[in-house]
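Here is a short briefing on a protein model and its ligand. Take a look at the sequence and structure first.

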Amino acid sequence: MTPLYDRSDHTLSRLYVDGRWVPAADGGTFDVLDPADGSLLARVANGTVQDAHAAVDAAAAAAAAWASLPPRERAEILMSAFALMCEHRDELAELIVRESGKSWADAQGEITYGAEFLRWFSEEAVRADGGLMVAPDGDKKIISILQPIGVSILITPWNFPAAMATRKIAPALAAGCTVVLKPASDTPLTALALAVLMERAGTPAGVVNVLPSRRSGQVAEAMLLHPAARKLSFTGSTEVGKSLLEIAARNVLDCSMELGGNAPFVVFEDADIGTAVEGAMIAKMRNGGASCIAANRFIVAASIASKFSRALADAMAALRVGHALDRSVQLGPMINARAVEDLATAVAASVASGSTVLATGTRTEGPGTFFPPTVLTDVSPDDPILHVELFGPVAPIVTFESDTQAIELANATPFGLAAYVYSGDLARALRTAERLDAGMIGINRGFISDPAAPFGGVKHSGLGREGGHEGLLEFLEPKYIAVEW
Ligand code: NAD
């Protein structure tokens, strides 16, 4: 098996445009660091506005041929990419661990999840169906066909460098669209390795372009305002997403937005506490807490709060923290020093306003950017910590007395991505699910992501869905043909 990359020959240090590996137009580079020890992993070409134009031009030039390829052939390329991703699982997992800091188990989980998008959309590629109906007044037939929406700009976050890329590339290619992917500047290496993989799977030049850059704002704007661009698919923070929506509006782009979350984790008094803590550890600690669907606020029935809090604190304190290349480590470093500072500030402010630190894990001394697992109790419902996306191993617990109060607390946020409900009464849990403002609900389970399911949020958590059949539709546009025969 030929490796995807060779760390000694700097395979992953260039832009991938029109099937070629090129330096940035101005020759500039930026450093990619290992957050566990601050060491230099790679110097990567720092894409410019000129490179952004070239990448969109390449995607535009490849668009017609790719769109006219039979769906079955596009499907076969995606299926080969799936097989290659499984084959190169360890190589990709190592890159993910090194550049994002997540644990080995989480990186392996990400490869499985990320590869499944390639397989799922290889199966969906042949299902871009349309419709035929007789007009209500009988004067004609109405045919609707689904066509590729066109050149798509994909922008992804650092926290799932492989899966967020395949969750967009796979449906776009299945639908017949060509793409330019701008990965997060903290984690561009996995995306570059995926470009190698897509090329080996048989993707023609220009169909997938990858443009790392630290000039995110300029490069994104140049791509979104390019006359050939037709679609933005963004995953990242709500703040950046809102600014991109404004730019995309100037070029009337179709937008799919997967934005920030603030997931409530509601535990009713009739829940099995052991099962709830087990689910809480998954919902809170998958990816070190840096997941958009991470349980961000625990809303627990007052009568069981102390038992639940103690058990959660014990489980959190027992986590093994360290460099994730040590495969027994369960919690790696935060992505950068700013993430550590943000968590420390939020916890200190919460304690100052009356919360209690029930238990903290061991603090791992530098040079890496570590934060100890932390559980906070006695949190007041108006504590600001309940209103920020923590994106790390901090679990604030607030209590409730009635179902209505639990739902009000859960919905008291502009976000609406995921929510979790634990109860021994399924009807009660389902009733609660209906009343929660969230795009996705886990009932008595802490892991909900599935490539076959529509993933996405309501309110400020986004627009559109990824995964499922819905994920394919995001890259297709209906065309209406009026026919007489
Ligand atoms: P981010 O918004 O800082 O960055 C996301 C992407 O946008 C990166 O590629 C970044 O380089 C780019 N970017 C940053 N500033 C930009 C600008 N001014 N103009 C154009 N592009 C810019 O987010 P992040 O820190 O990488 O990721 C964490 C966020 O992503 C969290 O809010 C998390 O909830 C969210 N997220 C959402 C989902 C989802 O499916 N809803 C999934 C994963 C992460």
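How far is an oxygen atom of the ligand from a polar backbone atom of glycine 236? The distance is 3.4 Å. Keep in mind that this is a predicted model. In it, 29 residues surround the ligand. Domain 1 (11-259 + 461-483) and domain 2 (263-450) both give residues to that shell, so the ligand lies between them.

**Polar contacts**
- Glutamate 389 has an N or O atom in its side chain 2.4 Å from an oxygen atom of the ligand.
- Glutamate 258 places a polar side-chain atom 3.5 Å from an oxygen atom of the ligand.
- Glycine 236 takes part through its backbone, with a polar atom 3.4 Å from a ligand oxygen.

**Cover and pocket**
- On its own, the ligand has 840 Å² of accessible area, and the protein covers 84% of it.
- The ligand takes up the space of the largest pocket.

**Who lines the shell**
- The closest residues are Thr156, Arg167, Ser237, Leu259 and Glu389.
- Two or more shell residues come from each of these elements: helix H5 (163-175), helix H7 (216-224), strand S10 (229-235) and helix H8 (238-250).
- H7 gives the most, with three residues.

**Chemical make-up**
- The shell around the ligand counts 15 nonpolar residues.
- Another 10 are polar, and four are charged.

Technical notes
Residues numbered from 1 in each chain as written. Predicted model: local features only at pLDDT ≥ 70, side-chain atom pairs only at ≥ 80, totals over all residues. Heavy atoms only, no water. Near = heavy atom within 4 Å. Polar contact = N/O pair within 3.5 Å; in protein donor to acceptor, adjacent residues only side chain to side chain. Areas by Shrake-Rupley, 256 points an atom, 1.4 Å probe, with all protein chains shown as cover. 1 Å grid on protein atoms, 1.4 Å probe; cavity = no way out; pocket = protein on both sides within 12 Å on 5 of 7 lines; lining within 4 Å. Sits in = over half its atoms within 2 Å of the grid points. Helix = DSSP H or I, 4+ residues; strand = E, 2+ residues; numbered from the N terminus. Nonpolar A, V, L, I, M, F, W, Y, C, P; charged D, E, K, R; others polar. Domains from an automatic or database assignment.
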